[in-house]
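Please read the following report alongside the sequence and the coordinates. It deals with domains, the contact between chains, the nonpolar core and a few local features.

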Amino acid sequence: MRDWNALDEDSFRREVRTFFENHYPADRRFPPHRYRWNQIKDWYQTLYEHGMIAPGWPTRYGGMGLSPAKLIIFIEEQERHGVARVPDLGLVMVGPLLIQDGSDAQRQEFLAKILSGENIWCQGYSEPNAGSDLASLRTAAVLDGEDFIVNGQKIWTSFAQDATHMFLLARTDADARKQDGISFLLADLNTPGITIREINTIAGHAEFCEVFLDDVRVPVKNLVGKINQGWNMAKSLLGFERLFLGGPKQCQFAMKRLEAIARNLGAFNDAIFVDRFTQLQFDVADHAALYARFAKVAGRGEKLGPDLPILKIWATETFVRIVDLIIELAGSAGANAGPVAFGEESIEFISLFYAARPVTIYGGSNEIQRTIVAKSVLHLPG
Amino acid sequence: METPLSTEQTEELQLLRNAAARFAAQHSSGSRLRSRRDRGIEFDRAIWKQMADAGFLAAAIPEEFSGLNLPFDHRATLAEEFGRALLAEPYLASAVFAATILAGSDNPALKRRLLPAMAAGELVAAVAWEERFDSIIGNCGLDTIAVETSRGTTLRGLKRFVRPGAMVDGLIVSAATDGDVGLYWVPVDSAGLEFKTQRLADGGTVADLILRDVLIAPDSTVQVGPNCAAVLAAAIDEALVMASAELLGILRKALEMTLDYLRMRQQFGKPIGSFQALQHRAVNLYIQQELAEVSINDALAEFRSGATPMDRSLAASRAKARSSDAAMLVAREALQMHGAIGFTDEHDIGLYLKRALVQSAWLGNAAQQRRRYAALRMKYRGHRHA
């Protein structure tokens, strides 16, 4: 097993960069939306074969064992090159959770299959009546001999139709305080009683699904950690990855698009446009500086502060403003549903427009993020 | 690549911050600012002398001229703490802006005459370089001219927005020379000088300066020739970053006061800070505060690492634009959230709004910094493609 941490940071960055340049399919850089499993599984396989599929896992479980600082470099280089996100919930959620809180049997059963891509995981958290207020979820798991019997409905389950397994939060104590009656379960999606229905987004892609659970038997051995401790475990999983919900590359890439379009249209001769463009340049540069401040803390292996949500808020709202300006520049072409001929290439303005919609909703809506910061950072009452 | 501060440097910086905060809290308060404004006092020479004794006025002066030549981060920390306490003395205008121009001068005799006296608090200098509302954009010529006569060099013209106004000992004046630019030292009692002093919104002063064939004393040329513009631009850029730091101090304190008020003020039987409409707006202000901090830190990192003049200018304008906008937003929202009491002269929050306005206008407001940045970038691209 290669000791990646023996490399100094610059050499490591170079090596990772070269790897992406040599191995990642050039025609799939900076995809406008997420790829389905059959579009991206070759890349998953390539990463697996090179031992680079799980950069954050310890080496003894088949990961790269990267230090926090090197893990940040790895992800930054991935973003810099515009490498598509693979279905990674097994890699960033289930794996780390089982390594930390799982049983030996669970690690034995699941970890290797996550690495190889044999098992693909989806996340069963949100429900029709439990979105921002996730802890009020109602999917119930009742103990019956060696199994829990699970009944309920999950929604906004990204790529459930491509997944083989789902990790889910279910209520195992209806009488306790709502956060204290939730358990963390692992379910095979082939279990009888599970029905998956795709949901089309406004962009016309089936990125997420509804998952119905009717008398689904989940063996007790698939309970992670202790019963009724699921809420805290789910919260502890929202650590490191939240940093990348607020990463700088999405905005920087959108700015490059904006600049190219504006140049082509001669918009830089318009003082009003130049002022707005410059404002966005500052917004993006200051965001990158803010990201660097948080990344430095994470890179030292320290816990990120309660003000981390401001990074996601600023990243996503800046992205929205950039896209708004692109659509404005597009003028008559801004409403076309498909690609529009533009100079020597063609641009799909509408896919950018759609891409700017969910960013302020997913990962905790920006309104919820603001409420969290108001209470935990600004210590406002209520 | 950025050079991070060592632990030792960070501790040193904290000590300096504490000292500056203690000093400023002792020598500045809302009631003192109001009384000074009402009595028409521009600034207090006694406090200025104490600032010198504490070493604050020597921060930007080289060691060979009795200065301390403190690192940029230290100078910014002083500016931030003075801003937080609304200290009225012209630290930025004189001890930073004027001192930095002189430190960049290639006239050692003049530097020996002026800089040690400035560090000691015995001489207060101002810079008279603006002639229009938008001199920071840098695309306007100088109407003030330096004329060679049989008596020597004389200056003729009108300078505007000179801070802190007439109560200084001398001025650095920019003027067009034969096809170039010059910077000259003009003692305040020179014949042919006339000040038209006005109040700033915060009670400070600013003056227009009329120069009627003012004779430059021997050995009083700060800088002439091809390097002159660069010396002035470098000092402007440093002053922009320091003004940004002062604005950060102002907005931090204004936000703290506002959050305290939101927690304390009760309406409808509960603290108004429990209302989500206000909570979310407060978070927006906090975000702007953090953005201002990181953009200033980026600029300081550029200065530390010896970046090119172009990169320094870009970083300085970016920091000043963010800090000006952030401070104005925080101060306006602070007033709104305080309600009617915030609109009274009696409450201190209005003093923060006024100082934010005064410092965001200095050396170019946010919109002007964006224009400067865009113009510089255009030039930059031109060079790269050439």
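The report below moves from the domains to the chain contact and then to individual strands and residues.

This is a predicted model, in which local features need pLDDT of at least 70 and side-chain atom pairs count only at pLDDT 80 or more, while totals for chains, interfaces and linings use all residues. Residues are numbered from 1 along each chain as its sequence is written, and chains are lettered from A and ligands numbered from 1 in the order in which they are written.

**Domains**

The domain bounds, which come from an automatic or database domain assignment, are listed here for both chains.

| Chain | Domain 1 | Domain 2 | Domain 3 |
|---|---|---|---|
| A | residues 4-86 | residues 121-228 | residues 238-376 |
| B | residues 7-123 | residues 126-224 | residues 229-385 |

In chain A, the C-alpha centres of domain 2 and domain 3 are 32 Å apart. In chain B, the centres of domain 2 and domain 3, taken over C-alpha atoms, are separated by 29 Å, and the contact between these two domains takes 13 residues from domain 2 and 14 residues from domain 3. Contact here requires that the C-beta atoms of two residues, placed from the backbone, lie within 7 Å. On the domain 2 side of this contact in chain B there are seven nonpolar, four polar and two charged residues, where nonpolar covers Ala, Val, Leu, Ile, Met, Phe, Trp, Tyr, Cys and Pro, charged covers Asp, Glu, Lys and Arg, and polar covers the others, Gly among them.

**Contact between the chains**

Between the chains, 26 residues of chain B are in contact with 23 residues of chain A. Two or more residues on the chain B side come from each of α7 (228-264), α8 (276-304), α9 (309-338) and α11 (366-385) of chain B, and α8(B) provides the largest share, 13 residues. Helices (H or I, at least four residues) and strands (E, at least two) are DSSP runs, numbered from the N terminus.

**Nonpolar core**

A nonpolar core is a set of buried Ala, Val, Leu, Ile, Met, Phe, Trp, Tyr and Cys residues joined through C-beta atoms within 7 Å; a residue is buried if 20 or more other C-beta atoms, placed from the backbone, lie within 10 Å of its own. The largest such core has 217 residues, and I101(B) and I172(B) are among those with the most contacts inside it, while α7(B) gives the most to this core, with 21 residues. Not counting residues up to four places away in sequence, I101(B) touches residues including V127(B), I172(B), L183(B) and V222(B).

**Strands of chain B**

Strand β5 (residues 180-187) of chain B has six of its eight residues buried. Strand β4 (residues 170-177) of chain B pairs with β5(B) in the antiparallel sense over eight bridges, pairing being counted if DSSP finds at least two bridges between two strands. Within this pair L171(B) stands opposite V186(B), and in the hairpin, which has two residues between the strands, G179(B) takes a positive phi near 75 degrees. β5(B) is also joined by three bridges to the antiparallel strand β8 (residues 221-224) of chain B, where V224(B) is the bridge partner of G182(B).

**Two helices**

L115(B) lies in helix α6 (residues 108-119) of chain B and is buried, because 24 other C-beta atoms lie within 10 Å. Not counting residues up to four places away in sequence, the residues that L115(B) touches include I61(B), F65(B) and L102(B).

In chain A, the end C-alpha atoms of helix α9 (residues 271-299) are 41 Å apart, which agrees with the 42 Å that its 29 residues should span at 1.5 Å a residue, the expected span being 1.5 Å times one less than the number of residues. Just after α9(A), G301(A) takes a positive phi of about 80 degrees.

Notes:
A residue is buried if 20 or more other C-beta atoms lie within 10 Å of its own, exposed if 12 or fewer, and partly exposed in between; C-beta atoms are placed from the backbone.
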